Amino acid sequence: MPEPLEIFWTTAVRATDNARLVKLTLSKPRRKDPATPRNLYARAVEIGGEGQLQITHRYADREEAKNFPPGEGMDYLREQLATVYYNGDLFTLDEQLSVMQSRKGNARLRGEPARHEEVITEHNREKYRDIPADRPYLHALGIATVTGEITAGGRRKYKQINKFVEIVDGLVRQQPLPEGAHIVDMGSGSGYLTFALYDHLRHTLGLDVRVTGVELRPQLVEKCRAIAADNGFDQLHFVEGYIDSYHPDRLDMLIALHACDTATDDALYKGLQANADILIVAPCCQKQVRRDMEVPADLKPLLDSGILLERQAAMVTDGLRALYLQGQGYATRIFEFIPLEHTAKNVMITALKQDKGYGDGAQEKWESVKERFGVRRHRLEELLEKGERGEGEKGGRG
Ligand SMILES: C[S@@+](CC[C@H](N)C(=O)[O-])C[C@H]1O[C@@H](n2cnc3c(N)ncnc32)[C@H](O)[C@@H]1O
């Protein structure tokens, strides 16, 4: 198979396996004939709890949709692109690729597959199973009834917990944690994600890890400590205080989900200082950059409205965070970790420590982004600069 086609199909299969496919279309039929659909449109759907590939055949006068098990659906599409259509377009959460074939059989690719640290294939990936609803801490947290049914009010949270634990599950398989690893959840709040993560890593995966939640609200810390004690979770601790004044002895995986504004930067900085293997943040209310950017004159007509400026500032904040992490030698990914109907705060940044030399050239990129969007300062960059000068961090209260 010509290389462009091979890259196209490898990327499509990986996106399907990892639930990251948005759509795949085949178009430009080789023969104009009413019996041949003008194009095929494929998307992932869930039917009776099973993932399926729904392929819609679009004829001039009608549409017909058929559902396939994902592997079979991909084989069918592959065969259709080889025999019936010239063009294929793939949209995933990470990339956009197009393949164009000529009449002579040459293939050309437009776009690039996203960088993946390791291709996760069926044989090296065990299917993640949801945290059982009858785990007693889920009841103590108010997500499940005493008999282990998820409550109506707990459904969204349960879905979010599982999605989060599934992501971490994938990351620790990709970048295994060292023996005795210390995982810190900064801004742990009510502890929903902290408990589920601890339970999954220690009891389902059998990893020798300890987990600490850091939270500034004392009543939440007390409640979480009580639930941990009731469940015999002796390697799960909760510490009361601000992220920036917490100094762990070691930190192998940093988590900060929905920590307000620059608290995300404080948490990332803690992870970087500790040389953590894995960093996971889901930022929230990115206010600092918005205050500290001067929109260049040519962008003003675009960013005139408050909401667009806010979204742009959030995007720049998170894009810069990823670039600073790359500059520190981490491979990053930014993606939507849960559909918008479950939470408005759904962007996640993950970062995995790479070998020396990774991320050279990131500085040029972040400087050009800062200049383009008129960003005067970014909290994470300031912390890193202070760290380099040996001044340590100064208390920011997010
Ligand atoms: C929106 S909640 C998120 C809780 C949890 N991580 C989750 O995603 O379900 C944010 C939590 O972070 C805590 N928080 C915010 N800034 C903090 C800081 N600088 N230090 C410690 N905790 C902080 C807040 O008290 C709050 O409980």
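This briefing walks through some strands, helices, cores and single residues of the structure above. Keep in mind that the model is predicted. We'll start with two neighbouring strands, β8 and β9, which pair in the parallel sense over six bridges. From there we'll go to the nonpolar cores, the ligand, one helix, and a handful of residues worth a look.

**Strand β8**

- Let's begin with β8, which covers residues 181-186. Six of its six residues are buried, so β8 is largely enclosed by the rest of the structure.
- Its side chains split into two sets: Ala-181, Ile-183 and Asp-185 point one way, while His-182, Val-184 and Met-186 point the other way. Whichever way they point, all of them are buried.
- β8 has a parallel partner in β9, with six bridges between them. Within that pairing, Ala-181 has Val-209 as its bridge partner, and Asp-185 stands opposite Gly-213.
- β8 also pairs with β11, again in the parallel sense, over three bridges. Here Asp-185 turns up once more, with Ile-255 of β11 as its bridge partner.

**Strand β9 and its crossovers**

- How many of the seven residues of β9 are buried? Six of them are, so this strand (residues 209-215) is largely enclosed by the rest of the structure.
- To get from β8 to β9, the chain goes through helix α5 (residues 192-204), and this β-α-β crossover is right-handed.
- β9 also runs parallel to β10 (residues 236-240), and five bridges join the two. In this pairing, Val-211 stands opposite Leu-236.
- Helix α6 (residues 218-230) goes with β9 and β10 to make a β-α-β unit, and that unit is right-handed.

**Nonpolar cores**

- The largest nonpolar core has 76 residues. Those with the most contacts inside it are Met-186, Leu-254, Ile-255, Ala-256, Ala-267 and Leu-279.
- Take Ala-267: if you skip its neighbours within four places in sequence, it is in contact with Met-186, Gly-187, Ile-243, Leu-254, Ala-256, Ala-259 and Val-281.
- Another core, of 18 residues, lies apart from the largest one; Leu-24, Leu-26, Ile-55 and Leu-90 are among its members.

**Around the ligand**

- Which residues come nearest to the ligand? Out of the 19 around it, they are Gly-187, Gly-189, Leu-257, His-258 and Ala-263.
- Four elements give two or more residues to this shell: α5, β9, β11 (253-260) and α7 (263-273). β11 gives the most, with four residues.
- Sorted by class, the shell has 10 nonpolar, five polar and four charged residues.

**Helix α11**

- Helix α11 spans residues 379-388, and its buried residues are Arg-379, Leu-380, Glu-381, Leu-383 and Leu-384.
- What do those buried residues pack against? They pack against α7, α8 (288-291) and α9 (306-327).
- Just after α11 comes Gly-390, which takes a positive phi of about 75 degrees.

**Two loop residues with a positive phi**

- Most residues other than glycine have a negative phi. That's the background for the next two.
- Asp-261 has a phi near 40 degrees, a positive value in a residue other than glycine. You'll find Asp-261 in the loop between β11 and α7.
- Asn-275 has a positive phi too, near 60 degrees, and lies in the loop between α7 and β12 (278-284).
- Buried or exposed? Asp-261 counts as buried because it has 20 C-beta neighbours inside 10 Å. Asn-275 counts as exposed, because it has 12 such neighbours inside 10 Å.

**Two more residues to find**

- Ala-322 sits in helix α9 and counts as buried, with 20 C-beta neighbours inside 10 Å. Not counting residues up to four places away in sequence, Ala-322 touches Thr-332, Ile-334 and Ile-349.
- Gly-232 is 90 residues from Ala-322 along the chain, and their C-alpha atoms are separated by 37 Å.
- Thr-151 is in the loop between α3 (136-140) and α4 (155-174). Thr-151 is partly exposed, with 15 other C-beta atoms within 10 Å.
- Leaving out residues up to four places away in sequence, Thr-151 touches Ile-143, Ala-144 and Thr-145. The C-alpha atoms of Thr-151 and Ala-133 are separated by 9.9 Å, and these two residues are 18 apart along the chain.

Note on methods: Residues numbered from 1 in each chain as written. Predicted model: local features only at pLDDT ≥ 70, side-chain atom pairs only at ≥ 80, totals over all residues. Pairing = 2+ DSSP bridges. Right-handed = clockwise from strand over helix to strand, strands pointing away. Core = buried A, V, L, I, M, F, W, Y, C linked by C-beta atoms within 7 Å. Contact = placed C-beta atoms within 7 Å. Near = placed C-beta within 6 Å. Nonpolar A, V, L, I, M, F, W, Y, C, P; charged D, E, K, R; others polar.
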